[in-house]
Amino acid sequence: MSSIQNPKSQIPNPGNFTQKLQNLMQRVEISSFKALSRSAGVSERQIFRLRQLGVEQMRVDVLLKLSQALKVSLNEFIAIFSQLELVKEAEPSSQELLKQITDIRKEYDRLQDQLQQQRQVLIQEFQQSSLQLLESLLLQFPTAAYKARENTQLPAVNILPLIQKPLDKLLQEWGVEAIAPVGVELPYDPQMHQLMEGNAQPGEIVKVRYTGYRQGDKLLYRAKVSLVTSDQ
């Protein structure tokens, strides 16, 4: 990775750029150099180098990350922390700097395109794996539905396995499990259950009307429940 170099520049005293950096940090409400390190995704050593030497001998990608975290343009950032006046474009150092900036931006655009392509590949792979798990449903259900429409006497229960088995297999593959089956009576837990109407105290017996789901420790949908009454 390229770094900004200039043999003509003089090495400043340590801490020469500290106040300038603190002024920029104050504008974006970054309270410490450690916080700036986390926000920009660069090491504290790089920030210490910037405070001591400015942009001299620093990689351009590091400067780009810092400028973005401090919400200033890269050109402005370099101008603030440089010992030289970079506005003189005729100077070889300025031309080299502009070339480095252009190269960085091209690399950034290339990486963005690459990430987009990888995202499309991952989506396609996810879709293909999901379709494989649902293969029996996709192939058999349309025929079963057609036969059910032809023969209205055909019990609907015969079609249920075509839906249930592939769905259970898909949920198992994703690590998704039902909170409780429909029709089960259990103690009311407001963390896991959503009362459809009325009020209930934790521990009061309720009946599951719509099952809920969780994935590992993450709750996806609370189970919808109703109070158990004497006429049920």
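When I say that two helices are in contact, I mean that they have heavy atoms within 4.5 Å of each other, and helices and strands here are DSSP runs (H or I over at least four residues for a helix, E over at least two for a strand), numbered from the N terminus. What you see above is a predicted model, in which local features need pLDDT of at least 70 and side-chain atom pairs count only at pLDDT 80 or more, while totals for chains, interfaces and linings use all residues. Residues are numbered from 1 along each chain as its sequence is written, and side-chain values use heavy atoms, with hydrogens and water left out.

Let me begin with the helices. The axes of α2 (residues 33-40) and α4 (residues 60-69) come within 9 Å and cross at roughly 110°, where an axis is a line fitted to C-alpha atoms, for helices over the stretch in contact, and angles run from 0 to 180 degrees between N-to-C directions. That makes α2 roughly perpendicular to α4, a term that covers 65 to 115 degrees. In this contact, L36, S39 and A40 of α2 meet K65, L66 and A69 of α4.

Now to the strands, which pair if DSSP finds at least two bridges between them. Strand β4 (residues 205-210) pairs in the antiparallel sense with β2 (residues 185-187) over three bridges, with V206 as the bridge partner of L186. Four bridges also join β4 to β7 (residues 223-227), again antiparallel, and here V208 stands opposite V225.

Finally, three strands form an open antiparallel sheet in the order β1-β5-β6. Because β1 (176-178) and β6 (218-221) stand at the edges, each with a single partner strand, one side of each is left without a neighbour in the sheet.

Technical notes
Parallel < 35°, antiparallel > 145°, perpendicular 65-115°, else oblique.
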